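Trainee: Please take one part of this structure and go through it closely. I would like a single connected account rather than a list.

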Amino acid sequence: MTLLPMPQHMSQTEVDAYLHKQVRLDAEGAGWLHSCVRKPGQKGSVFYATALVIEVSRRIAAGEYPTPKEGGKAA
């Protein structure tokens, strides 16, 4: 049980733990998922909107799987 609401953002590491890294990469290639901000700096942290991550999971549970867009790179 938590007293705080779910954060509106997730780190890339959290997304990879939630969806698995390959699913994140496939979802990004399909245009289903994109980062919302990157911490400034050469190797800054990448963050994603929690709502988008949950939507990817919902679509997969509904029987869809993200595939790269036409002309996109395969994961």
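Mentor: Start with R24, which lies in helix 2. The model is a predicted one. R24 counts as buried because its relative accessible area is 5%, and the cut-off for buried is under 20%. Beyond its neighbours within four places in sequence, R24 is in contact with Q12, V15, D16, L33 and Y48.

R24 has buried company in its own helix. Helix 2 spans residues 21-30, and V23, D26, A27 and A30 are buried there along with R24. These residues sit on the same side of helix 2, because the arc they cover around the axis is only 165 degrees. An α-helix has 3.6 residues a turn, so residues three or four places apart point the same way. The cover over the buried residues of helix 2 includes helix 1 (12-19), strand 3 (46-49) and helix 3 (50-61).

Part of that side also belongs to the largest nonpolar core, a set of twelve residues that includes V23, A27 and A30. Helix 1, helix 2, strand 3 and helix 3 are the elements that each give two or more residues to this core. The most comes from helix 2, with three residues. In soluble globular proteins, nonpolar side chains tend to be buried together.

After helix 2 comes G31, with a positive phi near 85 degrees. W32 and L33 are both members of the core. Neighbours within four places in sequence aside, L33 is in contact with R24, A27 and E28, and also with V15, L19, Y48, L52, V53 and V56.

Definitions and conventions. Residues numbered from 1 in each chain as written. Predicted model: local features only at pLDDT ≥ 70, side-chain atom pairs only at ≥ 80, totals over all residues. Heavy atoms only, no water. Buried < 20%, exposed > 50% of the residue type's maximum accessible area, 1.4 Å probe, protein only. Helix = DSSP H or I, 4+ residues; strand = E, 2+ residues; numbered from the N terminus. Arc of directions from axis to C-beta. Contact = heavy atoms within 4.5 Å. Core = buried A, V, L, I, M, F, W, Y, C linked by side-chain atoms within 4.5 Å.
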